[in-house]
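Trainee: Could we go through the terms used for this model together? I'd like to see how each label is earned.

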Amino acid sequence: MMPEAALKELAARLLEEGLVDLFIGYGPGSLPLRSTPVFLRQAAGAGGLILGPTCENNLAPYLARFPGERVGLVVKACDARALVELIRENQVNRENLYVVGVPCRGVICRQKLEGRLAGRELTAGRIEGDAVRCGGHEWEEAIPLDQLVHPSCAHCRLPAPELFDVCLGDGEDPVAASGEALEARDARDAGARYREFSREMEKCLLCYACRQACPACYCPECFVDRSQPAWMGGSGDLSDCMLFHLVRALHVAGRCVDCGACARACPQRVDLRVLNRRLEQEARELFGFTPGLDPGHKTLPGSFRPDDPDDFVK
Amino acid sequence: MVGFIPEAELDRVLARLAGPYRLYVPVSCAGRVELGEWSPGIRPVLEGRAYGTAKQLFLPRSEELFAFGTHPDGTPRVVQPERDRRPLALFGLRPCDARAIGMLDQVFLGQDPPDDPYRERRQGALLMGLVCSRPGRACFCAQVGGSPAGTAGLDLLFTRIGGGFCVEAVSTAGEAHAAQEDWPAATAAQVAGAREIQQAAAPAAMATPGLAQELEARFEDEVWARLHEKCLGCAACTFFCPTCHCFDVMDAGSYDHGTRLRCWDSCMFPKFTLHASGHNPRLSGKERMRQRVMHKFCYYPLRFGPEACVGCGRCIEVCPVNLDIRAVLAELGGSE
Amino acid sequence: MKSPYVPELAIIEDIVEETLANDVKTFRVVFSNEDTRRNFSYRPGQFAEVSVFGLGEAPISITSSPTQVGYLEFAVKKAGVLTTALHQAEKGDCIGVRGPYGNVFPVEIMEGKHLVFIAGGIGLAPLRSLFNYCIDPAHRSQYQTVTMLYGARSPGDLVFKWELEKWGARPDLVQYVTVDRGDGQWPGRVGFVPAMLMDVRPSPEDTVAITCGPPIMIKFVLQNLEQLGFAPEQIVTTLEMRMKCGIGKCGRCNIGSQYVCLDGPVFTYAQLRHMPKEY
Ligand SMILES: Cc1cc2nc3c(=O)[nH]c(=O)nc-3n(C[C@H](O)[C@H](O)[C@H](O)COP(=O)(O)OP(=O)(O)OC[C@H]3O[C@@H](n4cnc5c(N)ncnc54)[C@H](O)[C@@H]3O)c2cc1C
Ligand code: SF4
Ligand code: SF4
Ligand code: SF4
Ligand code: SF4
Ligand code: FES
């Protein structure tokens, strides 16, 4: 059975049999090539569930809103890794969860799509095999999916869910991981990197869509919202934006699974992965820690070893 | 009188404006239409509405209200900022966006005392609108009392027909400007062409009479619990909404040397209504979403008349979870 | 043209520590500019935005009465950034004040009536302006009996003690004071304000009740007043919402279609009952 059909059936069964109180998945969005999170409490709605490259949101952040309820949750591989971190940090109770792993070939990057459309308005779109069929007023174009997947997905090295109660489909081939040219970027001097960082930060409006969409940003009160002491002005000037993003990056280091949900949520197309993928890489290379794997392992900050080469923490 | 500006003349028309005015036009910016300051060589984009709003020109993301410092004897000193005195001119403004500016006017100028920084920018501004020949995928202006050929808030209305633009003055300021420009009159055929486009653009209005009163009675309705479910509680929708105008006031710097700023704020943020005592009248996403919807479709109309939504569809486009205000309205029994 | 956001400078002339815990202080301030001093006119119930430069501003009720000429008084409870900074201010320090903002107590409907003031904690601050206005020799004859019911958490939390004494000594005023908890030395009444209200049982006949205090107190006071037969039109209260601009622009203080900064902070219970319960 196709994963999407299997999902509909499974969600209906879980709700019908009372195995979950709530099922969170994706339904068709109101704009072409968009999906929207849906919250089902009755089996009747399960027929509207969808899967595929339009399912760009990470649904894990919603879990905090339903403490004590048994929730069925659709996770792609990266979402599952985010979930591992939330469980590791006692933010969600595994017992109350029914995790439905789904295959993923990468989700569409709306920014790439926009670039490709070059100002033409997309009024219809559908996925057909490996092609994204786009249409507008008096034009049509089929774009290969692998040209439109989000950079996080293009970079994804672990495209099969690690944590699940049921995994639908048996792992389709992911879009070839390209292994981005991080090294090339790092080779540039600090000034060039700072300029790039500033350019991204200048676009930021401090709307906090990135934070709200991020599974690792689960603090009930973000440091930016504290008034005593006030860590940040909040006026939205460049230094505020930099401060927010740098501190956020440090706070999510070791928990950020590079799902890209924050970057996709950003209405200003700020390239948040400039910071995040670097942190993910550092966690891996310096500490041998890949966020989202091995639920039995301690958290990254919680796994300090006395033989740490840096002695500033001692 | 309807004037006519040939396509090739547009550049000269804009160049003349750019001297006395700070002129903004829709420009193409990495695949998106944005409002940008005009300079020679810039060709306005005439299709699609801008991604960002025109409100940011009148109510910037962050602005200085005044600066403070101290005299040599230590007593404070307050200095009001000097702003660019040249009035703003906007070309290619969509009728929905012009209408939204009219709604901001009601809050910032219509209620005493007038908001001085806003008034400084708004006064003398020339708003030149462009009829939408093809509403976009998220547009629903007609359902909220607007029209793709609407003139509310505008000074001049441009209609693009073959070979150029028909121009009509739709306000006193517009008339004064048109008289000064003295554009050649459009031919009867050109006028007929413009009318045809305007009529084709304006679908039958479907505004919902009595929606505000109906919503007022539904404050406690259980529907709100469902409507906010997927909302993340960010400020994307309100920051990009051309009628949203909430701001925060804060100081930067210190007693000796600093500025008082106002910056966009949003009713979608938990801190928005949090009292110093810890009490918060809008405790959860449900109350905050209700405030956003109610403010637009109930509170603002009860106070000022029209709904504080012009159907531009920006909130639909920018929402990270595709929460669609049209669907919300449909659930509430409004338009659609 | 002066922007409405620019405050007038004012000097702190006097500071009174009101409570034992020292969390409420009353500031007497005088505008630096002579014209402002002369022209700043306000009525009971209004508030001002008080600035500490570098830290921001907060809405504070003008607790002095227009009958006190030449200065303004603010009673401030230490709550957050700005109020803490104010508490650190000293005599002679300069602050900013803009206003007055908001509506006023409906002195017209109160004329010729018995008045019952019911206040809790710092909630006395906004009522004090009206109270002093009504009991001023120039106005006292316009009202019948004037009664004050006031309470605080403990004797040390009672504010304006020196004034309570003064009021208590006046034969033309009736005063009841209570505390939630005594402190061993407290000779007076112990109990909550709403309970004291039921003991005093003011008659609703020809009476207006004016109340301000913590939300929980207001809730029970309103219930009890209704039980005593007060009609919603006879009950006046003042509300608090988070505010920034004070002039109906920043969009923060609304309850339904009402801006508390413009249409309030004073509302009758009759008005409140038609507003969404979101305050
Ligand atoms: C019309 C009106 C009249 C008023 N009159 C008076 C008066 O006469 N006297 C008086 O003392 N007060 C009065 N107030 C209340 C007064 O305005 C507030 O206490 C004041 O604004 C607090 O400002 P602040 O800068 O000290 O607090 P802030 O620095 O703003 O600190 C509180 C804020 O910090 C944030 N915060 C962070 N963490 C917390 C937390 N754990 N708990 C709570 N908040 C947190 C919240 O955003 C909160 O609003 C009045 C209010 C209104 C609207
Ligand atoms: S979503 Fe984008 S604009 Fe909003 S705070 Fe994050 S980076 Fe800034
Ligand atoms: S943009 Fe969407 S997710 Fe963000 S606050 Fe608005 S409705 Fe909620
Ligand atoms: S609510 Fe949405 S559609 Fe309406 S004016 Fe605001 S952004 Fe546009
Ligand atoms: S209250 Fe909310 S919806 Fe209304 S103007 Fe302010 S931010 Fe926009
Ligand atoms: S305080 Fe700004 S609108 Fe009321």
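Mentor: Gladly; here are the labels, one by one.
This is a predicted model, where local features need pLDDT of at least 70, side-chain atom pairs count only at pLDDT 80 or more, and totals for chains, interfaces and linings use all residues. Residues are numbered from 1 along each chain as its sequence is written, chains are lettered from A and ligands numbered from 1 in the order in which they are written, and side-chain values use heavy atoms, leaving out hydrogens and water.

Trainee: Why is the pair C:Lys244 and B:Asp248 called a salt bridge?
Mentor: The term asks for a side-chain nitrogen of Lys or Arg within 4 Å of a carboxyl oxygen of Asp or Glu. Here the closest N and O atoms are 3.2 Å apart, so the pair qualifies. The rule finds seven salt bridges across the interface of chain B and chain C.

Trainee: What makes residues of chain B and chain C count as in contact?
Mentor: Their heavy atoms must lie within 4.5 Å. By that rule, 46 residues of chain B are in contact with 39 residues of chain C.

Trainee: What does the buried area between the two chains stand for?
Mentor: It is the accessible area (1.4 Å probe) lost on putting two parts together, summed over both. For chain B and chain C that gives about 3700 Å², with carbon and sulfur atoms giving 56%.

Trainee: How do you know which residues surround ligand 2?
Mentor: One heavy atom must lie within 4 Å of the ligand. 13 residues surround ligand 2, and A:Cys204 and A:Tyr208 are among the closest.
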